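Here are my notes on the model you asked me to look through, set out as numbered points. Please read them with the structure open beside you.

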Amino acid sequence: MKGIVRFCLALVSILAFCGCGIFDLREPESPGTGPQVPFETPTELRIALKNLKATTEARVITNFQRSLTTDYKFRFDPFDATAESVWTLDRDIQALTALFRNEATVSLDWTVRDSGDIGDARFYRNLGYRLVFRQGVADSAVILGRCTLYFRKDGLQWLIYRWADVRETDAPGVFTWGYARLNPNLGAGSAVVAKEVLE
Amino acid sequence: MLGPEVLEQDANLGHDPPFAEFIGREGGLLETTRLDRSGDPPLALATWVERSIYGWRTRGVEKGAAAPGRFEIRFLIAFSLLAGALLWMAPRPAAAQGGGAGRDTSQAGNILDRLDFHPTYQSSYSVNRTSRSWDQGLTVNRRLGNFDFNNSWSLGLRQDEAQNDLRSKRGSMKLNLDYDLRDLGGWTFGLDGDFRRDSQLSSFQDRIENKSNFGLETTSSLPEQILHSVLPFAREFSLSTGASLGYNEEQSINRRTSRIDSTMVSGLFQHYDLALAGNVRKKVRFTSTMSRDLRAGDSETRQRVSADGELIEEVKEKTENSSQRWEGSVEWKPVEKFRMNTMGRWIHEVNEYWDALANSSEGGQESKDGRDRNIQARLEWNPGPDMGLKGDLTRSDVEGDYSLQARDFNKHTTRGTMEGRLKLPVFLGPLQATELQASYTGDETESSLEGTADYKQLNRKLRTVLRRQLGSKVQISGTNEISLLRYLYVDRSNDRDEQRFFTDGVLIYNPSQKFNGLLNVNWGKRQTVNIPSAKATNNNTTETYKVSGEVGYKRGAIAVNQRYTVQADYTFYDFNETNNSIVRTNEVMTTFSDRIGTGLALQVQHQYQFRDSGKYVELYEGGPRSYTPTSEETRHMMTLSANYPLIKQLRIEGRQMFDRRQNRVVSSGRVTTRDRGEFSLRADFSHTFQSGMVVQASFQKTESTTEKNYWTVRAAMQRNF
């Protein structure tokens with residue numbers, strides 16, 4: 001008898017969790033005129049890069065997060081790192097969300113140099129990026145660097161599980177994406193905003 | 001090094017700062033010379049030891065600044081020699097007189113045995129695509145009478161051409177000599193010393209960080225004796241206290257093309273701690289540790305422009321760093337089947353340091369006020385082998401305020417987990433012996449970081465697993481999972497929900513020793529809902545259907561296995577029907593393995609994959625959806641490997657892989673073919689020598705058609721002398 005009671009208690013508890021609406025989604029607002037960001041199922045690495053470009057240029061964090069695994073880690077260039085040299089997904093998304101809040105016309109270009117495999121994982125090595133936040137006629141934040149992206153397959157999708165950031169140049173006024181993550185506010189007074197340094 | 005494991009290793013760089021000497025560049029402001037102390041006879045031996053260990057020393061790391069660390073190196077070496085001499089002269093341990101637990105050294109062969117002096121040395125070397133690293137460690141622990149001597153060294157060298165030719169050296173040393181006054185109320189007096197050296201050089205920037213501490217310390221159990229005499233009921237309590245006083249020195253140099261910053265901090269430190277632990281009526285166990293650290297000193301900071309070495313700023317300030325810490329736990333175990341734990345932590349730290357505000361033209365004395373509070377409660381109930389319940393509740397608050405940088409943050413997290421397991425009783429008929437496991441995790445995090453929008457994150461997950469053995473040949477299991485991730489921003493600009501469902505069923509059928517079979521059915525759904533109107537157009541749902549089967553046959557050393565997989569991913573956009581798409585994959589993987597003779601193992605594996613993808617949109621508004629493939633990919637991958645043990649300790653493996661992928665654009669019929677070939681030869685060595693030395697190593701050379709050929713080497717050894 002005790003066994004039945006315990007079983008019923010356990011079952012009721014589980015059903016109660018499911019039934020009380022704690023997993024329900026909220027209703028979105030009616031879709032407005034926001035950008036429609038294309039997202040293609042990343043069955044190949046190049047599609048994942050294409051998705052990152054599209055979502056970064058639209059400054060929409062959702063599709064960026066969709067391209068990362070849940071155990072994703074971002075590693076800073078050793079000379080950008082502060083107390084933490086590696087960030088987890090939550091911390092990185094928090095910083096990118098803040099970066100994407102800057103009102104600007106954004107462009108991102110990748111330069112593919114090298115790729116390879118590590119067992120079942122694959123990577124782009126020395127992948128160049130050039131991210132520009134154009135805020136006015138003369139004011140632009142130029143974010144330039146290289147990274148190595150490590151991909152792992154989740155079902156049919158290649159998702160990024162490690163991002164290792166590396167500085168490309170020490171030209172004044174040019175910063176890495178890691179530095180921009182640490183200093184995401186590109187408003188007045190930001191060191192990242194320069195006067196068309198590379199234009 | 002590109003392997004993920006190295007990323008983890010790199011992740012530790014910041015937590016284990018190290019030793020390394022700085023080697024200056026020609027023409028720079030940093031000047032490095034070899035040590036030359038030949039005219040200093042009393043320190044000739046010390047110099048030789050120092051050179052052997054470091055190879056190089058920095059002289060006048062930054063012009064105008066005193067060369068740091070020379071005093072402590074001399075002090076440490078002298079201290080080590082003194083300690084060694086003391087140990088040499090000290091009376092032999094009781095074991096030699098036949099009375100102790102130590103080894104009998106009177107009959108030992110070599111000088112280390114005669115001295116009962118047994119250091120442990122570890123070394124590991126690793127090479128990968130772009131990096132190489134070498135780590136070494138030496139530990140010496142020696143107990144002689146009332147003396148307790150502990151000394152450890154570590155040295156790590158690393159190069160990585162993929163990180164702007166990064167060259168990193170890190171090292172540390174810890175030294176402790178305690179004298180235990182057993183007849184004087186359990187007092188222990190000792191000397192403590194440690195230093196760390198870290199240098200990182202790259203194409204664009206160099207950084208050096210050095211830290212040294214030397215001090216006197218004492219611990220005592222006298223308060224425990226007083227406690228026991230004053231409170232007789234507290235006989236099962238232990239109480240100890242400790243204190244230390246010493247000198248510390250920290251140096252930091254950061255050099256970029258445009259300028260150089262250097263900071264030197266030195267001063268005195270104090271440390272006090274009090275630890276209390278005990279049992280109450282054998283059902284309650286508690287611990288409590290309190291400590292306080294204080295470092296006060298002088299800070300000297302210089303900034304220079306590299307073009308002409310001009311000093312642009314020089315700052316001298318008083319510094320004071322302090323921290324208070326408390327950690328405690330209580331465990332209540334009234335009966336064997338029930339246990340309750342509570343753990344708590346409280347830390348308050350105030351740190352002052354020079355912040356050069358990297359990449360900015362300004363710098364200043366930064367003051368960080370950090371607070372960390374954490375409390376956790378756990379409850380475990382195990383009424384029997386077939387049932388168990390465990391619950392955790394955690395609250396964590398982390399806050400930090402900066403006086404200079406705009407990086408104030410706080411994070412408050414509440415997390416609860418509940419896990420249960422149950423094996424259904426016999427009288428439940430067909431459900432009997434079914435194992436049920438369920439777990440629920442919920443957490444709520446409020447996070448704010450200066451310069452970003454405050455937000456709250458909710459995470460909920462429920463997971464159930466059912467497992468049932470049907471006779472001796474069939475086993476079934478099912479897993480269900482539902483989760484919700486919710487972001488709530490103060491300004492609602494990035495509010496979003498993500499809901500996931502996951503159902504997985506597995507049937508395992510093993511009719512005999514020779515045959516095995518498996519059937520797996522899987523369904524998943526992931527729905528992303530952006531709340532703000534401007535982002536709602538990207539709301540989407542992805543549904544995944546997957547069926548896979550596996551059959552295997554094994555006879556003697558021959559084994560054949562085949563796996564079939566069919567999968568389809570449907571993506572639906574809630575407000576953008578034209579973006580809907582499907583990706584479908586069919587895959588067959590065949591594996592054949594055999595063993596020839598006594599040692600040669602062969603394996604052949606072939607993978608065939610066909611994938612197509614395209615739009616999945618309504619034929620007309622409100623009508624049925626139709627799939628139109630736009631691209632197709634066919635892939636064949638063949639892998640052959642042979643593995644042979646040359647001797648017991650050495651195994652070699654050859655592996656050849658060929659991969660062909662053909663992509664076809666359906667609309668134009670254009671076909672792109674990509675081929676990839678790879679050959680690797682690998683040797684693995686593992687052996688424990690008679691002396692006790694353990695060596696493990698693997699060497700692999702990989703030749704690839706798509707990237708530069710590369711070596712992968714991992715070697716490690718450990719020797720207890």
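Which residues have the most contacts inside the largest nonpolar core?

1. The model is a predicted one, and in it the largest nonpolar core has 46 residues, of which A:Leu96, A:Ile143, A:Cys147, A:Leu149, A:Phe151 and A:Ile160 have the most contacts inside it. Leaving aside its neighbours within four places in sequence, A:Phe151 is in contact with A:Leu45, A:Ala48, A:Ala121, A:Arg122, A:Phe123, A:Trp158, A:Leu159 and A:Ile160. Apart from this core lies another, made of five residues that include B:Met387, B:Leu424, B:Leu436 and B:Ala438.

2. On the make-up of chain A, I note five helices and eight strands, which follow one another from the N terminus as α-α-α-β-β-α-β-β-β-β-β-α-β. Buried residues account for 43% of the 199 residues in this chain. Among contacts in chain A between residues at least 6 apart in sequence, 55% join residues at least 24 apart.

3. On confidence, chain A has a mean pLDDT of 83, with 82% of its residues reaching 70 or more. Over residues 195–199 of chain A, however, the pLDDT is below 50, although this stretch has 11 contacts in the model beyond near neighbours in sequence. Where pLDDT is low, the predicted coordinates should not be read in detail.

4. Helix H4 of chain A (residues 89–100) deserves a paragraph of its own. At 1.5 Å a residue, its 12 residues should span 16 Å, and because its end C-alpha atoms are 16 Å apart, the model agrees with that expectation. Nine of the 12 residues of H4(A) are buried, so the helix is largely enclosed by the rest of the structure; the buried ones are A:Asp92, A:Ile93, A:Gln94, A:Ala95, A:Leu96, A:Thr97, A:Ala98, A:Leu99 and A:Phe100. A:Leu96 was also named above, as one of the residues with the most contacts inside the largest nonpolar core. What covers the buried residues of H4(A) includes helix H3 (61–66), strands S1 and S2 and helix H5 (177–182) of chain A, together with strand S17 (435–449) of chain B.

5. Turning to where the chains meet, 61 residues of chain A are in contact with 70 residues of chain B. On the side of chain A that touches chain B, two or more residues each come from elements that include helix H1 (2–19), H3, H4 and strand S6 (139–154) of chain A. H1(A) gives the largest share of that side, seven residues. By character, the residues on the side of chain A that touches chain B divide into 32 nonpolar, 17 polar and 12 charged.

6. A:Pro78 is worth inspecting, and it lies in the loop between strand S1 (68–75) and strand S2 (86–88) of chain A. Why does A:Pro78 count as buried or exposed? A:Pro78 is buried because 22 other C-beta atoms lie within 10 Å, where 20 or more are required. Leaving aside its neighbours within four places in sequence, A:Pro78 is in contact with B:Gln163, B:Leu166 and B:Gln200. Its C-alpha atom and that of A:Tyr179, a residue 101 places away along the chain, are separated by 11 Å.

7. Chain B has five helices and 30 strands, and 17% of its 721 residues count as buried. Strands S25 (residues 600–618) and S26 (residues 625–647) of chain B pair in the antiparallel sense over 18 bridges, and in S26(B) the bridge partner of B:Phe610 is B:Thr634. Six residues lie between the strands of this hairpin, in which B:Gly622 takes a positive phi near 85°. S26(B) also pairs with strand S27 (residues 650–665) of chain B, again in the antiparallel sense, over 16 bridges, and S26(B) and S27(B) form a hairpin with two residues between them.

8. Finally, two backbone angles should be checked. Most residues other than glycine have a negative phi. A:Arg59, however, has a positive phi near 55°; A:Arg59 is placed in the loop between helix H2 (45–57) and H3 of chain A, and it counts as buried, with 21 C-beta neighbours inside 10 Å. B:Asp165 likewise has a positive phi, of about 55°, although it is not a glycine. B:Asp165 is found in the loop between strand S5 (147–160) and strand S6 (166–181) of chain B, and it is partly exposed, with 13 other C-beta atoms within 10 Å.

Key
Residues numbered from 1 in each chain as written. Chains lettered and ligands numbered in written order. Predicted model: local features only at pLDDT ≥ 70, side-chain atom pairs only at ≥ 80, totals over all residues. Core = buried A, V, L, I, M, F, W, Y, C linked by C-beta atoms within 7 Å. Contact = placed C-beta atoms within 7 Å. Helix = DSSP H or I, 4+ residues; strand = E, 2+ residues; numbered from the N terminus. pLDDT = per-residue confidence, 0-100. Expected span 1.5 Å × (residues − 1). Nonpolar A, V, L, I, M, F, W, Y, C, P; charged D, E, K, R; others polar. Pairing = 2+ DSSP bridges.
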